[in-house]
Amino acid sequence: MTAQTSQSQRNIYLADDDEDDRLMFLEALLEVNSNAVLTQAEDGKQLLDILSKNPKPLPEFIFLDINMPKIGGFECLAQIKKNKKLNKLLIIMLSTSSDSLTIFKAQELGANFYAVKPSTFDDIKILIKKVLQMDWLSIQNDKKKFRLA
């Protein structure tokens, strides 16, 4: 499912099996940036299927839930990072877990950032706004900033 306005500026993907979470993310994104384009996937398999069709343009970044059916976030991340055409994509892992081992695994598999899923609409907007305003080049290699607050 893709939502867009007439003059799209930011191309963002979201893979999350929770329909309510996807809808809330879309609404928050459009409040933060009404020109954004959001492509949604219900699980990692659907995301990989979308990416396998070589979409133009590729997403600026992907928000990837960890716990999903069919292909989960970690497996999806690993497959993206093994693909020469996709391995430079910026990926933010989302999870309800703040467990340090989960965060470490996301980092080891090549995620760019990790965020605990916000539970309120306002917190989702804050996360999205933070990501959209990031200077990705300057903070990408800073291990201390891997987890987004």
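## Helix H4, the cores and the salt bridges

Just after helix H4, Gly 110 adopts a positive phi of about 110 degrees. The model is predicted.

**Helix H4.** H4 spans residues 100-108, and its buried residues are Thr 102, Ile 103 and Ala 106. These three cover an arc of only 100 degrees around the axis, so they sit on the same side of H4. The face turned away from that buried side carries Ser 100, Leu 101 and Glu 108, which are exposed. At the start of the helix, Asp 99 makes a polar contact: one of its side-chain oxygens comes to within 3.2 Å of the backbone nitrogen of Leu 101.

**Nonpolar cores.** The largest nonpolar core has 23 residues. Which of them touch the most other members? They are Leu 47, Leu 51, Ile 62, Leu 64, Ile 80 and Met 93. Two or more residues come from each of these elements: strand E2 (10-15), helix H2 (44-52), strand E4 (61-65), helix H3 (73-82), strand E5 (90-95) and H4. H3 gives the most, with 4 residues.

Met 93 shows what such packing looks like. Leaving aside residues up to four places away in sequence, Met 93 touches Leu 64, Ile 66, Gly 73, Phe 74, Leu 77, Ala 106, Ala 111, Phe 113, Tyr 114 and Ala 115. Ala 106 in that list is one of the buried residues of H4. Apart from the largest core lies another, of 21 residues. Its members include Ala 28, Leu 29, Ala 115 and Leu 132.

**Salt bridges.** Side chains of opposite charge can pair when their charged atoms come close. The structure holds 7 salt bridges. Among them are these three:

| Pair | N to O distance | Apart in sequence |
|---|---|---|
| Asp 16 and Lys 117 | 2.8 Å | 101 residues |
| Lys 117 and Asp 21 | 3.1 Å | 96 residues |
| Lys 70 and Asp 43 | 4.0 Å | 27 residues |

Take the Asp 16 and Lys 117 pair, whose side chains meet in a salt bridge. Asp 16 lies in the loop between E2 and helix H1 (19-32), and Lys 117 in the loop between strand E6 (113-116) and helix H5 (121-133), so the pair ties together parts that are 101 residues apart in sequence. Is each partner buried or exposed? Asp 16 is buried, at a relative accessible area of 2%. Lys 117 also counts as buried, at 18% relative accessibility.

Lys 117 meets Asp 21 in a salt bridge as well. Asp 21 is in helix H1, so this pair too ties together separate parts of the chain, 96 residues apart in sequence. Asp 21 is partly exposed, with a relative accessible area of 25%. The links extend to Asp 65: Asp 16, Asp 21, Asp 65 and Lys 117 are joined in a network of salt bridges.

The third pair in the table is Lys 70 and Asp 43, with the closest N and O atoms 4.0 Å apart. This pair links distant parts of the chain. Lys 70 sits in the loop between E4 and H3, and Asp 43 in the loop between strand E3 (36-41) and H2. Lys 70 is exposed, with a relative accessible area of 68%, whereas Asp 43 counts as buried at 6%.

Definitions and conventions: Residues numbered from 1 in each chain as written. Predicted model: local features only at pLDDT ≥ 70, side-chain atom pairs only at ≥ 80, totals over all residues. Heavy atoms only, no water. Buried < 20%, exposed > 50% of the residue type's maximum accessible area, 1.4 Å probe, protein only. Arc of directions from axis to C-beta. Polar contact = N/O pair within 3.5 Å; in protein donor to acceptor, adjacent residues only side chain to side chain. Core = buried A, V, L, I, M, F, W, Y, C linked by side-chain atoms within 4.5 Å. Contact = heavy atoms within 4.5 Å.
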